[in-house]
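Thanks, everyone. Let me walk you through one structure and its pockets. Please have a look at it first.

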Amino acid sequence: QATLTDENGFFEFLNIEKGNYLIKITNQHNLPFVSSEFQFIDGVLDLGELKMESKISNEEEVSVIGRKPILTVTAEKTILNVANITNMTGVNALEVLRRAPGVMIDKDNNISLKGKSDVRVFLDGRPSQMSNEDLVNLLKGMNASDIGTIEIITNPSSKYDATGTGGIINIVLKKDKGYGNNFG
């Protein structure tokens with residue numbers, strides 16, 4: 001027979017016939033436990049506390065890796081963690097922007113945010129002073145792997161310049177990517 005333990009590790013088997021048995025216990029964190037053979041005659045048999053050996057020895061190294069969620073929504077902005085999106089190999093920054101929530105790019109590469117066309121694009125927190133055509137060319141030449149996050153701010157606070165009332169898209173590059181300051 002097979003059974004599961006409760007949250008405290010207790011288990012029981014019902015309708016067991018007389019005989020000799022052994023118990024095997026497995027889980028994902030410990031090595032399998034196999035009891036020595038015992039005899040069951042009738043009634044209740046308490047096997048006491050059974051101890052399992054951990055799969056990880058004290059000599060092994062353990063790595064814990066945490067990842068940011070792909071999409072984070074706060075009161076101020078929506079953050080798309082591009083670095084955590086799989087299947088972005090060979091994709092350029094314009095295509096990533098095209099997939100960002102609320103962002104629309106028309107056939108002429110005009111960027112709008114939730115239907116508003118007066119959108120400002122920032123790179124690493126600095127407003128871009130480029131024409132739309134130059135900005136699009138820069139984004140087409142930038143790999144998705146160079147981008148850490150895209151911050152989408154639909155209602156910019158007073159800390160941002162009054163222009164760009166349609167919203168702000170801030171493309172934050174990974175720290176090791178050197179596009180320099182030639183985007184302003």
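Start with Phe-13. You'll find Phe-13 in the segment before β1, which spans 19–21. Keep in mind that this is a predicted model.

Is Phe-13 buried or exposed? In between: its relative accessible area is 30%, so Phe-13 counts as partly exposed. Phe-13 also belongs to a nonpolar patch on the surface, together with Phe-11, Leu-45 and Leu-47. The patch has about 290 Å² of accessible area in total.

Now the largest pocket. Its volume is about 1100 Å³. Lining it are 32 residues, and the closest to the centre are Phe-11, Glu-12, Phe-13, Ile-23 and Leu-47. Some of those names should sound familiar: Phe-11, Phe-13 and Leu-47 are in the surface patch too. Which elements give two or more residues to this lining? They are β2, at 24–25, and β4, at 38–40. By residue class, the lining has 18 nonpolar, 10 polar and four charged.

Next, the second largest pocket. Here the volume is about 220 Å³. Its lining includes Asn-110, Ile-111, Arg-120, Met-130 and Leu-135. Two elements to look for: β9, at 119–123, and α2, at 132–140, each give two or more residues to this lining. Which one gives the largest share? That is β9, with three residues. The classes here are five nonpolar, six polar and one charged.

To recap: Phe-13 is partly exposed, sits in the nonpolar surface patch, and is among the residues closest to the centre of the largest pocket.

Methods
Residues are numbered from 1 along each chain as its sequence is written. This is a predicted model: local features need pLDDT of at least 70, side-chain atom pairs count only at pLDDT 80 or more; totals for chains, interfaces and linings use all residues. Side-chain values use heavy atoms; hydrogens and water are left out. On a 1 Å grid over the protein atoms alone, a cavity is a set of points where a 1.4 Å probe fits but cannot get out, and a pocket is an open set with protein on both sides within 12 Å along at least five of seven lines; lining residues have an atom within 4 Å of a point. Grid points are joined across faces, edges and corners, and a volume is the space filled by probe spheres set on the points. Helices (H or I, at least four residues) and strands (E, at least two) are DSSP runs, numbered from the N terminus. Ala, Val, Leu, Ile, Met, Phe, Trp, Tyr, Cys and Pro count as nonpolar, Asp, Glu, Lys and Arg as charged, and the others, Gly among them, as polar. Patches are made of residues with over 30% relative accessible area and no salt bridge: like charges are joined within 9 Å, nonpolar side chains (Val, Leu, Ile, Met, Phe, Trp, Tyr) within 5 Å. Accessible areas come from the Shrake-Rupley method with a 1.4 Å probe; for residues, only the protein chains shown count as cover. A salt bridge is a side-chain nitrogen of Lys or Arg within 4 Å of a carboxyl oxygen of Asp or Glu. Buried means under 20% relative accessible area, exposed over 50%, partly exposed in between (1.4 Å probe, protein chains only).
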